[in-house]
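Reader: I should like a close look at one part of this structure, namely the open sheet and the helices associated with it. Please describe how the strands are ordered and paired, and how the helices pack.

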Amino acid sequence: MAREHGTDFISAGHGGLENGVRDTGARIRGTTEAQEMIALRDAVVPELRSRGYDVLSVPDDLSLTQSIDWINARAQSGAIALEIHAAEFANQATRGATVYHIANNRARSEQAELLLSALLKEVPQLPSRGVRPDTAAGTGRLAFCRETIPPALLIEIAYLTNPTDFALLTQRRLDFAIGLANGLAAWSRAITGSSPTPPGPAVVEYPTINIAINGGLYREKGIIISGNAYLPIDLADQLGINLSQSEAIRRVRYRGVVYVKAVDLRPFSVSVGWEASTRTLQLTTASALKICPGSIDVIMSHGNATEAHLTSFLRSENNTALDLFPDLPKIYREEATIEGVDYDIAFCQMCVETDFYAFRASCVLSKTTSQGLPTGPGTMPLLIALALASEPRFSTSKLTPAPNRWPATKLILDLTLLNGGLRP
Ligand SMILES: [Zn+2]
């Protein structure tokens, strides 16, 4: 039905016989590039078909030359071809996705951009290495980009040698697949100027999957629709997630059960993973995420936030909070680490105590510095503390040295000791 829209050819890189030897591509951590790319391709194909695209998978046992010939023998106008690869590199820190196109072809370069940006939208944790002409590839030219008759791109989707990329690719395969499907759809639209009409509702049978919550198997099953994992909406209720206000969340009724897409739980602090070998959707709730087991609410502990986290947290409530003390997040992390205090809690407590730093610190500080207090490196905590202490709401006479009043009280106490009893 979608012939006028052209066929999308998808080739999973490697897997065929090259000069009589089975080509597996990169071999990393008990898997191979060929195996991972076949699994990814198998997730992309149904996703595109469900949207009405005519998709052909290049048979996996073909060599590179045979794959190109296979596509060329079937290609009609409007077709596009993508080969998917994963990279390996000696430097394990190298990561990200690259899309290669035939050199000196502006249109193809723009189509490569479409594909890459669609992928990164679904997997924003994946760094972009940009689109590149095939002359920039290690071999200086890519036969797939040059000898395939339909417009062709080759993606190196991630680095198997980088642990983060590896985890993303193997645990979030569905997101990669949806990103590629979106990219192929956008690319196809750019070539043909139209999109196919998705097939109408038919009597369908969705494959079932297992669901594990915080490591334990759930009694009910989920289903796969168009490459997406869905779970019974009752399960969301049981996890304490109220979806009734979320109009945007698509509900699917299937055999008397209402399902929602698993990834729609992500905004509710549920991590969503996929274990391919057992076809199990893995949900982990925030309370079970082992950010700091047993110490999430313990003050004498270590923090987890970065300076950037603390900065954006404070700025979200008071954009000018750090104009005066740009190093505040850094100081909190340093000082709290020395004290053995969880700086996440300390920082939050400070935000509560000072209304996100909306008090008159600036006036107080300028007054106190003009009175001859020390300035320079290392004195910022003292100045902050003095500013806090000088604020009537935090005067020492009102001090209640309870742990939950850290850090204002803690800093004021320190300062009081240092100065032999400071009074505002
Ligand atoms: Zn490869």
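Author: The account below begins with the chain, proceeds through the sheet strand by strand, and ends with helix packing and two loop residues.

The model is predicted. The protein chain has 14 helices and 18 strands. Of its 424 residues, 36% are buried. Among the contacts in the protein chain with a separation of 6 or more, 68% are between residues 24 or more positions apart.

The open sheet is formed by 6 strands in the order β6-β1-β7-β10-β8-β9, and its pairing is mixed. Its edge strands are β6 (54-57) and β9 (128-133), each of which pairs on one side only. From one strand to the next, the twist averages 20 degrees.

Strand β1 may be taken next. All 6 of the 6 residues of β1 are buried, and the strand is thus classed as mostly covered. The cover extends to both faces of β1: T7, F9 and S11 are buried on one side, and D8, I10 and A12 are buried on the other. The pairing of β1 with β6 is parallel and comprises 4 bridges; within that pair, T7 stands opposite D54 of β6. The pairing of β1 with β7 is likewise described as parallel, with 5 bridges, and here D8 stands opposite I80 of β7.

Strand β10 (residues 152-159) is also mostly covered, with 8 of its 8 residues buried. Strand β7 (residues 80-87) pairs with β10 in the parallel sense over 6 bridges. Two residue positions illustrate this pairing. E83 has L154 of β10 as its bridge partner, and H85 stands opposite E156 of β10. Strand β8 (residues 97-101) runs antiparallel to β10 and is joined to it by 3 bridges. In that pair, V99 stands opposite I155 of β10. The order of the sheet accordingly places β10 between β7 and β8, with a parallel pairing to β7 and an antiparallel pairing to β8.

A helix also lies against these strands. Helix α5 (residues 163-171) lies across β7 and β10 and runs at about 115 degrees to β10.

The packing of helix against helix can be followed through α6. Two packed helices are described by the angle between their axes and the distance between the axes. Helix α3 (residues 106-122) and helix α6 (residues 173-192) have axes that come within 7 Å and cross at roughly 150 degrees. Because of this angle, α3 is roughly antiparallel to α6; the cut-off for that description is an angle over 145 degrees. The crossing of α3 and α6 is right-handed. On the α3 side, the contact is made by Q111, L114, L115, A118, L119, K121 and E122. On the α6 side, it is made by D175, F176, I178, G179, L180, N182, G183, A186, W187 and A190. Classified by residue type, the contact of α3 with α6 has 10 nonpolar, 4 polar and 3 charged residues.

Helix α1 (residues 33-50) also packs with α6, at an angle of about 50 degrees and with the axes 8 Å apart. The helices α1 and α6 are therefore oblique to each other. The crossing in which α1 passes α6 is right-handed. The residues of α1 that make the contact are A39, L40, A43, V44, E47 and L48. Those of α6 are R173, L174, F176, A177, I178, L180, A181 and L184. By class, the contact of α1 with α6 has 12 nonpolar, no polar and 2 charged residues. F176, I178 and L180 of α6 appear in the contact with α3 and also in the contact with α1.

Two loop residues complete the description. Most residues other than glycine have a negative phi. H14, although not a glycine, has a positive phi of about 70 degrees. H14 is found in the loop between β1 (7-12) and β2 (17-18). H14 counts as buried because it has 24 C-beta neighbours inside 10 Å. R29, also not a glycine, has a positive phi of about 45 degrees. R29 is found in the loop between β4 (27-28) and β5 (31-32). With 10 other C-beta atoms within 10 Å, R29 is exposed.

Key. Residues are numbered from 1 along each chain as its sequence is written. This is a predicted model: local features need pLDDT of at least 70, side-chain atom pairs count only at pLDDT 80 or more; totals for chains, interfaces and linings use all residues. Axes are lines fitted to C-alpha atoms, for helices over the stretch in contact, and angles run from 0 to 180 degrees between N-to-C directions. Angles under 35 degrees count as roughly parallel, over 145 as roughly antiparallel, 65 to 115 as roughly perpendicular and the rest as oblique. A crossing is left-handed if the near helix is turned anticlockwise from the far one by less than a right angle, and right-handed if clockwise. Two residues are in contact if their C-beta atoms, placed from the backbone, lie within 7 Å. Ala, Val, Leu, Ile, Met, Phe, Trp, Tyr, Cys and Pro count as nonpolar, Asp, Glu, Lys and Arg as charged, and the others, Gly among them, as polar. A residue is buried if 20 or more other C-beta atoms lie within 10 Å of its own, exposed if 12 or fewer, and partly exposed in between; C-beta atoms are placed from the backbone. Two strands pair if DSSP finds at least two bridges between them.
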